[in-house]
Amino acid sequence: SVLSPQVIDHSVKVARHYNSLQEVGLAARSRSRIFFMRNFNNWLKSILIGEVLEKVRGAGSQQVSVLDLGCGKGGDLLKWRRGGINHLVCADIAAVSVDQCESRYDDMKKKSYANEKIYSAQFISADCTKVEPQHLDQLTEVEP
Ligand SMILES: C[S@@+](CC[C@H](N)C(=O)[O-])C[C@H]1O[C@@H](n2cnc3c(N)ncnc32)[C@H](O)[C@@H]1O
């Protein structure tokens with residue numbers, strides 16, 4: 001009824017949608033209608049990440065760990081590398097995206113300079129609206 005609206009769980013739908021998105025290469029991305037908007041969005045995020053890390057370090061933290069809720073396919077991995085963080089926890093409802101994120105991280109690590117210390121990382125497939133952050137790694141996956 002209008003007074004007691006049904007609570008609909010969209011998590012499976014959301015996971016299915018993001019899981020079905022294909023990862024496309026740079027060439028295909030540059031032909032996208034939102035190419036410039038995406039670049040702007042990425043630039044803005046880099047600035048924000050830089051500012052926040054500066055604040056965190058200014059407050060005395062030497063070791064920086066980041067919890068990236070909704071990490072997707074790892075679009076921000078390079079930003080965290082540039083930020084010089086120590087540890088990254090990547091969580092997303094879409095298990096396929098989390099797998100791609102992990103491969104991307106492994107690739108980034110392989111291609112890094114021998115003397116460069118890349119942050120360690122953990123990858124978790126979970127609905128982040130349903131769990132306390134400290135329990136994230138005890139979760140089961142959302143079925144595709
Ligand atoms: C617009 S994408 C952003 C991906 C990534 N942060 C990036 O910038 O490339 C939003 C992401 O949020 C994830 N997401 C949506 N609802 C979620 C939930 N309840 N728990 C965890 N992840 C969720 C989606 O699966 C998707 O990967």
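User: Which backbone has a polar atom 2.8 Å from a nitrogen atom of the ligand?
Analyst: That is the backbone of Gly 70. Please note that the model is predicted.

User: And which residues come nearest to the ligand?
Analyst: There are 15 residues around the ligand, and the nearest are Lys 45, Gly 70, Asp 92, Asp 127 and Cys 128.

User: What does the side chain of Lys 45 do there, in terms of distance to the ligand?
Analyst: An N or O atom in the Lys 45 side chain is 2.6 Å from an oxygen atom of the ligand. For Asp 92, a polar side-chain atom is 2.6 Å from a ligand oxygen atom. On its own the ligand has 600 Å² of accessible area, of which the protein covers 68%.

User: Where does the ligand sit?
Analyst: The ligand occupies the largest pocket.

User: Back to Lys 45: with which residue does it form a salt bridge?
Analyst: Its partner is Asp 76, with 3.0 Å between the closest N and O atoms. The two residues are 31 residues apart and link distant parts of the chain: Lys 45 belongs to helix H3, while Asp 76 is in the loop between strand E1 (65–69) and helix H4 (77–82).

User: Why can such side chains pair?
Analyst: Side chains of opposite charge can do so when their charged atoms come close.

User: How many salt bridges are found in the whole structure?
Analyst: The search finds five.

User: New topic: which residues make the nonpolar surface patch of about 500 Å²?
Analyst: Phe 40, Trp 43, Leu 44, Ile 47 and Leu 48 make that patch. Of these, Leu 48 lies in helix H3, which spans residues 35–58.

Notes:
Residues numbered from 1 in each chain as written. Predicted model: local features only at pLDDT ≥ 70, side-chain atom pairs only at ≥ 80, totals over all residues. Heavy atoms only, no water. Patch = residues over 30% accessible without salt bridge, like charges linked within 9 Å, V, L, I, M, F, W, Y side chains within 5 Å. Areas by Shrake-Rupley, 256 points an atom, 1.4 Å probe, with all protein chains shown as cover. Salt bridge = Lys/Arg side-chain N within 4 Å of Asp/Glu carboxyl O. Helix = DSSP H or I, 4+ residues; strand = E, 2+ residues; numbered from the N terminus. Near = heavy atom within 4 Å. Polar contact = N/O pair within 3.5 Å; in protein donor to acceptor, adjacent residues only side chain to side chain. 1 Å grid on protein atoms, 1.4 Å probe; cavity = no way out; pocket = protein on both sides within 12 Å on 5 of 7 lines; lining within 4 Å. Sits in = over half its atoms within 2 Å of the grid points.
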